[in-house]
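Hi everyone, thanks for making time. I'd like to walk you through a structure that is new to most of you, so have a look at it first.

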Amino acid sequence: MDIDALRQSTLAFVEAHRAWAPLVTGLLAFCESVAFLSLLVPATVILVGIGALIGGSDLPFWPIVIGAAVGAGLGDWISYEVGHYFKDGVKRLWPMSRHPEMTEKAEGFLRRWGAGAVAIGRFFGPARAVVPLVAGSFGVTRIPFQIANWGSAFVWAFVLLAPGAGLLGWFRG
């Protein structure tokens, strides 16, 4: 199945089964945020499409935003814990082992911004799943990580879904 067919079938499912929309959105955001899994699931394209469905139908905005935020927060949390468990061994895991420069950039980013790198990294595609993994292995403590993780998860979900839902127009006028 190609990406467009997956996107269309997922959006059709969400439209037909509206009650499942927050859960589906949460699962997609989870897949988008888990290190390694994010490489396999084209979730961002589908999430933007769900935002457009919100704007074009009567899907409830806030439950879907909350679903996406919870999925993203849990995904980053798991990535962090994997990094915390494996420590420097993360560098030997695929795809990190094939792209050591990616790990070095993430470590430099964390050195400069600390736990704030988790919040900033959430808004940049490739960094979204890598920064939490490296944060765990790099030694960012759990409380600052979780504050940055959950705070940015809710902002990210809103920013991702709001334009399609038509909220930018609502704020303007």
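**A pocket and a patch**

Okay, let's start with the largest pocket: 15 residues line it, and those nearest its centre are Ser38, Leu39, Pro126, Ala129 and Val130. Keep in mind that we're looking at a predicted model here. The space inside that pocket comes to about 220 Å³.

So what sort of residues line the largest pocket, by class? Well, 12 are nonpolar, two are polar and one is charged. And if you're wondering where they come from, helix α7, residues 125–138, gives the largest share of the lining, with five residues.

While we're on helix α7, take a look at Val131, which also lies there. Is Val131 buried or exposed? Val131 has a relative accessibility of 2%, so it counts as buried, since the cut-off for buried is under 20%. Now find Asp76: Val131 and Asp76 sit 55 residues apart in the sequence, and their C-alpha atoms are 8.7 Å apart in space.

Let's move to the surface. There's a nonpolar patch of about 560 Å² there, made by Trp62, Ile66, Val70, Leu74, Trp77 and Phe154. Helix α4, which covers residues 61–86, supplies the largest share of that patch, five residues.

One of the patch residues is Ile66, and you'll find Ile66 in helix α4. Its relative accessible area is 44%, so Ile66 is partly exposed; partly exposed means falling between the buried limit of 20% and the exposed limit of 50%.

That's my quick tour, thanks for listening!

Conventions. Residues are numbered from 1 along each chain as its sequence is written. This is a predicted model: local features need pLDDT of at least 70, side-chain atom pairs count only at pLDDT 80 or more; totals for chains, interfaces and linings use all residues. Side-chain values use heavy atoms; hydrogens and water are left out. On a 1 Å grid over the protein atoms alone, a cavity is a set of points where a 1.4 Å probe fits but cannot get out, and a pocket is an open set with protein on both sides within 12 Å along at least five of seven lines; lining residues have an atom within 4 Å of a point. Grid points are joined across faces, edges and corners, and a volume is the space filled by probe spheres set on the points. Helices (H or I, at least four residues) and strands (E, at least two) are DSSP runs, numbered from the N terminus. Ala, Val, Leu, Ile, Met, Phe, Trp, Tyr, Cys and Pro count as nonpolar, Asp, Glu, Lys and Arg as charged, and the others, Gly among them, as polar. Patches are made of residues with over 30% relative accessible area and no salt bridge: like charges are joined within 9 Å, nonpolar side chains (Val, Leu, Ile, Met, Phe, Trp, Tyr) within 5 Å. Accessible areas come from the Shrake-Rupley method with a 1.4 Å probe; for residues, only the protein chains shown count as cover. A salt bridge is a side-chain nitrogen of Lys or Arg within 4 Å of a carboxyl oxygen of Asp or Glu. Buried means under 20% relative accessible area, exposed over 50%, partly exposed in between (1.4 Å probe, protein chains only).
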